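User: Could you take a close look with me at one part of this model, the surroundings of the ligand? I would like a connected walk through it.

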Amino acid sequence: PNSSTSSSAIKIVVPSEINDMAVLIGPVPLFNWFPLNLIISMILISMFLISLGVYALIFPLERKLQLIQVGVNEVSKGNLDIQVQVIGQDEIARLSATFNAMTSHIKRLIESQRELTRAVSHELRTPVARIRFAVDMLADTDDEDSRFMQRDYIDEDIESLNGLIDEILTYAKLEEGSPKLDLEPVNLRELLQQIERETNALGKPIKIVTNLPNAKVTAIADRRYLHRVIQNLAGNALRYAETTIIISAGVKKGNAFVSVEDDGHGIPEADREKVFIPFSRLDDSRTRASGGYGLGLSIVSRIAFWFNGSMKVDESRDLGGARFVM
Ligand SMILES: Nc1ncnc2c1ncn2[C@@H]1O[C@H](COP(=O)(O)OP(=O)(O)O)[C@@H](O)[C@H]1O
Ligand SMILES: [Mg+2]
């Protein structure tokens, strides 16, 4: 048999038994299911429909992305007040919301940095101005006693500058990024006894009461930083207490805590967040006598942060003054 097909017909030629004759079947036209033209136009139409659909999907996305693009441009120009509009609830909307959160976070950081720089320069200026004044006085007087007195003032101010720089560096180290923590089990009873000894050695006319935990109670912490926290809080309490402070430590619901309370005037509820802000002081304690720079509690709360702990202040139930708990 021998057959041939052209594009649309079939023809079959078969040799027959009758001499020199052949059987020819066909040509039978084939039904053409997919004429070329139809295929091409169908492809074109479906491509058109697909692009229409894709466009309908893309267009709103495109518009939302454009809004974000405008926001990013503004931020790169330095304008951090920009907030992009959050439309709908899709991925792009989430991106816009994240973008907004990010810019306001950056803005807050920059503002606090600015505030810090301003406060630092103010704090540095005060003792420097006093030193300059004392030096002038020194040059002006021949009186031996007065000269010694001025020299002592200068000494005191240099000492205070030194202390301030130490505090600022400590604060900056804690603020910047994760400080190196030597986490180890710290025996809270021993630590409290040590603090009690050191605080008593300051010789202040204040009674120091300790609530010592069981001898086996330990906290996983960096010993030096934990010591610093309690020492700082105790230092403040000593300054504000009338007669008594209580230092406690222990474990509650699996979490270790330390607390320091006093019988001073306490901290009004409205100011309880403020005291942890660097350089913030409630009373005007910018005198030599009280000595603080308002960095102590900021350092303490940063340490609490790195310990994955929390720092809060309320009113002492037993003494009526402030109670700080980490
Ligand atoms: N025990 C306390 N009782 C009352 N006020 C306190 C107490 N501890 C801290 N404060 C307030 O919080 C402020 C910030 O404390 P802190 O950061 O330690 O700074 P500083 O001790 O250098 O003043 C203090 O200036 C004071 O106004
Ligand atoms: Mg202090």
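Which residue has a polar backbone atom 2.7 Å from an oxygen atom of ligand 1?

Analyst: Happy to help, and please keep in mind that this is a predicted model. The residue you are asking about is L297: a polar atom of its backbone sits 2.7 Å from an oxygen atom of ligand 1. The backbone of G294 also has a polar atom facing a ligand oxygen, at a distance of 2.6 Å. G296 adds a further pair, in which a backbone N or O atom is 3.4 Å from an oxygen atom of ligand 1. As for how enclosed the ligand is, on its own ligand 1 would expose 530 Å², and the protein buries 98% of that area.

Let's widen the view to the whole shell. It consists of 21 residues around ligand 1, and the closest are N236, D262, Y293, G294 and L297. L297 and G294 therefore appear both in this closest group and in the backbone pairs described above, a polar contact being a pair of N or O atoms within 3.5 Å. By class, the shell holds 10 nonpolar, seven polar and four charged residues. Three elements, α5 (223–240), α6 (296–306) and β10 (322–325), each give at least two residues to the shell. Of these, α5 provides the largest share, with four residues.

Some of these elements turn up again at another site, the second largest pocket. Both α6 and β10 supply at least two residues of its lining, as do β6 (218–222), β7 (244–252) and β8 (255–262). The biggest contribution there comes from β8, which gives six residues. In total 31 residues line this pocket, and those nearest its centre are N255, A256, F257, V258 and M326. The space in it comes to about 870 Å³. Sorted by class, the lining has 15 nonpolar, nine polar and seven charged residues.

How much confidence does the predictor place in all this? The protein chain has a mean pLDDT of 88, with 95% of its residues at 70 or more. Among its elements, β10 has the highest mean, 97, while strand β1 (residues 2–5) has the lowest, 55. For your close look at the ligand, it is handy that β10 is also one of the elements supplying the shell.

Two backbone details are worth a glance while you have the structure open. F279, in the loop between β8 and α6, has a positive phi of about 65° although it is not a glycine. Elsewhere, G26 and P27 are joined by a cis peptide bond with omega about 0°, and P27 belongs to strand β3 (residues 22–29).

Notes. Residues are numbered from 1 along each chain as its sequence is written. Chains are lettered from A and ligands numbered from 1 in the order in which they are written. This is a predicted model: local features need pLDDT of at least 70, side-chain atom pairs count only at pLDDT 80 or more; totals for chains, interfaces and linings use all residues. Side-chain values use heavy atoms; hydrogens and water are left out. A residue is near a molecule or strand if one of its heavy atoms lies within 4 Å of it. A polar contact is a pair of N or O atoms within 3.5 Å; within protein, one must be able to donate a hydrogen and the other to accept it, and residues adjacent in sequence count only if both atoms are side-chain atoms. Accessible areas come from the Shrake-Rupley method with a 1.4 Å probe; for residues, only the protein chains shown count as cover. Ala, Val, Leu, Ile, Met, Phe, Trp, Tyr, Cys and Pro count as nonpolar, Asp, Glu, Lys and Arg as charged, and the others, Gly among them, as polar. On a 1 Å grid over the protein atoms alone, a cavity is a set of points where a 1.4 Å probe fits but cannot get out, and a pocket is an open set with protein on both sides within 12 Å along at least five of seven lines; lining residues have an atom within 4 Å of a point. Grid points are joined across faces, edges and corners, and a volume is the space filled by probe spheres set on the points. pLDDT is the predictor's confidence in each residue, from 0 to 100.
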